[in-house]
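Here's a quick briefing to read alongside the model. Have the viewer open and follow the topics in whatever order suits you.

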Amino acid sequence: MNKIGGLKLNGKVFLAPMADYTNVAFRVLAREYGAALCYTELISAKALLMKSKKTARMLAVSENEKPVFLQLFGNTPSDFGKAVLLVEKKFAGNFAGYDLNCGCSVPKALKGKYGCLLMNEPQIVGQILTEMKSASEKPVTLKMRLGLKEETFLDVARVAESAGVDAITLHPRFGEQGYSGEAQWEKIKELKKAVGVPVIGNGDIKTPNDAARMMKETKCDFVMVGRASIGNAFLFKQVKCALAGEKIPERTEKETSKEAKRYFELAKEFNLGVNDIRPYFIGLAKGFSGAAIMRNKFAMSKSIEEIEKVLIEHFP
Ligand SMILES: Cc1cc2nc3c(=O)[nH]c(=O)nc-3n(C[C@H](O)[C@H](O)[C@H](O)COP(=O)(O)O)c2cc1C
């Protein structure tokens with residue numbers, strides 16, 4: 001049964017939260033191609049309480065992308081309870097659940113003592129999750145790495161489970177690694193053996209067969225795809241087929257053209273700006289004849305109209 005807490009899902013592949021990428025248009029697109037669940041990018045619990053305009057914009061959700069989880073970051077447990085209460089009151093119905101970020105390891109996060117730094121503070125993780133759980137009936141999940149420098153994921157997982165977490169995502173790299181080296185999938189298997197809640201495996205899924213192999217090797221309940229889906233939401237369709245043991249459809253140039261145009265249409269529908277959508281198009285321009293030229297043109301585009309021009313030129 002595909003379930004997280006009380007939430008039924010219609011598949012096993014999720015879109016990973018990615019700052020500057022997983023805006024509402026990308027999430028709708030991922031859902032249309034078969035992702036069963038999407039997450040917002042990380043949003044500060046504190047900023048949410050200060051009701052900043054930028055944060056409010058990040059809370060925009062479309063009916064067509066539901067279910068979506070709101071991912072929060074911070075380090076003060078009471079902020080999280082208050083933030084979830086506020087969202088439940090003001091944006092009731094937007095989110096199907098809440099996720100705690102314990103994976104972000106950019107210098108800003110480590111300096112601010114949030115994200116992956118919390119992997120050194122299992123007790124605080126437990127307190128935050130307790131606050132989140134008591135503020136809402138909805139599922140609460142945790143996304144973590146192996147630790148910052150040393151392996152602490154099993155300690156954090158046990159505390160999280162005691163606090164009532166409904167599922168745990170593991171990206172099995174250390175925070176200090178960033179994205180270097182390989183994700184240690186065997187640690188996902190270790191986590192799966194150690195906890196009773198569903199485990200979401202994440203890290204280095206680049207092809208549909210990678211997703212199937214991760215599930216087989218680690219026995220995780222769900223898989224989450226990040227970087228490989230940037231500019232390639234079609235991958236969700238392929239992963240869904242691979243997990244169902246069905247023939248994997250080929251990603252043709254025609255398919256890519258269709259996807260790019262749909263993303264652009266959604267971006268316009270949700271009033272996104274050129275800075276919001278440029279990263280997706282840069283990701284899209286990979287692996288074609290003339291891809292480098294197309295990528296450059298997208299990268300240099302300074303307006304939505306310029307993006308559209310490059311799109312029409314390359315995908316008439
Ligand atoms: C550009 C970018 C932004 C990211 N932003 C977030 C984020 O906001 N929250 C989070 O939990 N992880 C974030 N991540 C990590 C991804 O969710 C994921 O764990 C990681 O990329 C590994 O999965 P992958 O190999 O499929 O990309 C980000 C990753 C990238 C590349």
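**Helix pairs, domains and ligand shell**

H4 and H6 run roughly parallel to each other, because angles under 35 degrees count as that. The crossing angle here is roughly 25°, and the two axes come within 8 Å. Keep in mind that this is a predicted model. The protein is assigned two domains, domain 1 (3–243) and domain 2 (253–314).

**H4 against H6**

- H4 covers residues 77–90, while H6 covers residues 122–135.
- The crossing of H4 past H6 is right-handed.
- On the H4 side, the contact uses Pro77, Ser78, Phe80, Gly81, Val84, Leu85 and Glu88.
- Facing them from H6 are Ile124, Gln127, Ile128, Glu131, Met132, Ser134 and Ala135.
- Sorted by class, the contact of H4 with H6 has 8 nonpolar, 4 polar and 2 charged residues.

**H12, H13 and H14**

- Helix H12 (residues 274–284) and H13 have axes that come within 9 Å and cross at roughly 175°.
- That angle is over 145, so H12 and H13 are roughly antiparallel to each other.
- H12 brings Arg278, Phe281 and Ile282 to this contact, and H13 brings Arg295, Phe298 and Ala299.
- The class count for H12 with H13 is 4 nonpolar, no polar and 2 charged residues.
- Next along, H13 (residues 291–300) packs on H14 (residues 304–314) at an angle of about 165°, with the axes 9 Å apart.
- This makes H13 roughly antiparallel to H14.
- H13 goes past H14 in a right-handed crossing.
- From H13, Met294, Lys297 and Phe298 meet Ile307, Val310 and His314 of H14.
- For H13 with H14, the split is 4 nonpolar, 1 polar and 1 charged residues.
- One residue to click on is Phe298 of H13, which is in the contact with H12 and also in the contact with H14.

**How the two domains meet**

- The centres of domain 1 and domain 2, taken over C-alpha atoms, are 27 Å apart.
- Across the boundary, 13 residues of domain 1 are in contact with 16 residues of domain 2.
- Helix H1 (residues 24–32) supplies the largest share of the domain 1 side, with 5 residues.
- By class, that side of domain 1 has 10 nonpolar, 2 polar and 1 charged residues.

**Around the ligand**

- Which residues come nearest to the ligand? Of the 21 residues around the ligand, they are Ala16, Met18, Leu42, Gly226 and Arg227.
- The shell around the ligand breaks down into 10 nonpolar, 7 polar and 4 charged residues.

**Backbone spots to check**

- Going from Lys66 to Pro67, the peptide bond is cis, with omega near 10°.
- Pro67 sits in the loop between helix H3 (53–58) and strand S6 (68–73).
- Lys113 has a phi near 60°, which is a positive value in a residue other than glycine.
- You'll find Lys113 in the loop between helix H5 (107–111) and H6, and H6 is the helix that meets H4.

Terms used
Residues numbered from 1 in each chain as written. Predicted model: local features only at pLDDT ≥ 70, side-chain atom pairs only at ≥ 80, totals over all residues. Axes fitted to C-alpha atoms, helices over the stretch in contact; angles between N-to-C directions. Helix = DSSP H or I, 4+ residues; strand = E, 2+ residues; numbered from the N terminus. Parallel < 35°, antiparallel > 145°, perpendicular 65-115°, else oblique. Left-handed = near helix turned anticlockwise from the far one by under 90°. Contact = placed C-beta atoms within 7 Å. Nonpolar A, V, L, I, M, F, W, Y, C, P; charged D, E, K, R; others polar. Near = placed C-beta within 6 Å. Domains from an automatic or database assignment.
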